[in-house]
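Q: Please take a close look at the aromatic rings here. I would like one connected account.

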Amino acid sequence: MGRPAVSIVLSDAERRDLESLARAHKTGQAMARRARIVLAAAAGQENKAICAEVDADANTVSKWRRRFAEHRLDGLLDEPRPGTPRKIGDDEIADTIRRTLETTPQGATHWSLRSMAAAVGYAPSTIHRIWRAFGLQPHRSETFKLSTDPLFVEKVRDIVGLYMAPPERALVLCVDEKSQIQALDRTQPLLPMRPGQVERRTHDYTRHGTTSLFAALDIATGAVIGRCYPKHRSSEFRRFLDQVEAAVPADLDVHLVMDNYATHKTQPVRDWLAKRPRWHVHFTPTGASWINQVERFFANLTEKQIRRGVHHSTARLEADICAFIDARNAAPRPFRWTKSADDILASIQRFCIRTQQIGRTTESGH
């Protein structure tokens, strides 16, 4: 016969604590299972039944039952693991984090692993572990811009409403231009990729002129109407609208989403739109180009065709751009818009509050 199971009797406080550990969302799975083992033991269940209930082996159930009987709640905590004791205490780690967040090294805008290691006297690998544990990346920087448009909320709700619930019998087209695309040719031949070696190109280049791409993205299908022009004036934009009109069904309303660029608001363009009552314009908020889905198409074009392309002339550049659009339209896929207007506005509100708090902290520090 095996050893008899340890009897468990709980106080009211211990029972409450164990039940809280067993059901808390933030409790680790291991701790939650240990709490359930003890609760089942206190209810008089045998180890075999507990094993089936919590999906654990007999040794595990016996171990935590015995540990709780000897040390109560503290017995459910993990014991210290063997290994070299930590040489850097919590205060030293906190000081390293404070330096990272609140100071900069002399003669530089941000800390590096080596400059911080020299400042605090630790190895760069130690600094790396501290930064990784707290999600600090001083070498990275991102950009942002908050729109100051007084009608920002109304415009966001209008455009996101078009994306998430398009009108019936209508097309929603996101329109914009990617201007001054350079036809760049490398000064020396490209070395293609081969096993063990990535593609290589010279850092310098020769310019062979520029072109501008006007594009209209159908949000329902992902198809793109595009045309290149030498310039991006109002006259080119109006001619592009003629091309779009010829390409879309005549019996559908057309909703245009575009930014506040001056080219889009000249009198010839306004007159063109006024003569076509089925066309409806929705302007994006000032400084909020991210809400125009055609910008995502431009990003794909840059990444997959322009950035690494070699073009000896603007004609060759325009041919490659047209080939990219044709390939996309052969099997178009729309971009999925998932955030509602309320989600976007709530996120921007949180960002604004955090920015204001940082601003006040910075001002008080000076």
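Over which ring does the charged end of lysine 265 sit?

A: The model is predicted. In it, the charged end of lysine 265 sits over the ring of phenylalanine 283. The distance to the ring centre is 4.8 Å. A second charge is placed over a ring as well: the charged end of arginine 276 sits over tryptophan 272, 3.9 Å from the ring centre.

Now the ring pairs. With ring centres required to lie within 6.5 Å, the count comes to eight aromatic pairs. Take phenylalanine 214 and phenylalanine 237. Their ring centres are 6.1 Å apart and their planes meet at 35 degrees, so the pair is tilted. This contact links distant parts of the chain. Phenylalanine 214 belongs to strand E2 (residues 205–218), phenylalanine 237 to helix H9 (residues 234–247). The two residues are 23 residues apart. Both phenylalanine 214 and phenylalanine 237 are buried.

Phenylalanine 214 also pairs with phenylalanine 240. Here the centres lie 5.8 Å apart with the planes at 35 degrees, so this pair is tilted. Again distant parts of the chain are linked: phenylalanine 214 in strand E2, phenylalanine 240 in helix H9, 26 residues apart. Phenylalanine 214 and phenylalanine 240 are both buried.

These rings belong to one group. Phe214, Phe237 and Phe240 join Tyr229 in one aromatic cluster. Within that cluster, Phe214 comes from strand E2 and Phe240 from helix H9.

Methods
Residues numbered from 1 in each chain as written. Predicted model: local features only at pLDDT ≥ 70, side-chain atom pairs only at ≥ 80, totals over all residues. Heavy atoms only, no water. Phe/Tyr/Trp six-rings, centres within 6.5 Å; stacked < 30°, edge-to-face > 60°. Helix = DSSP H or I, 4+ residues; strand = E, 2+ residues; numbered from the N terminus. Buried < 20%, exposed > 50% of the residue type's maximum accessible area, 1.4 Å probe, protein only. Lys NZ or Arg CZ within 6 Å of the ring centre and 35° of its normal.
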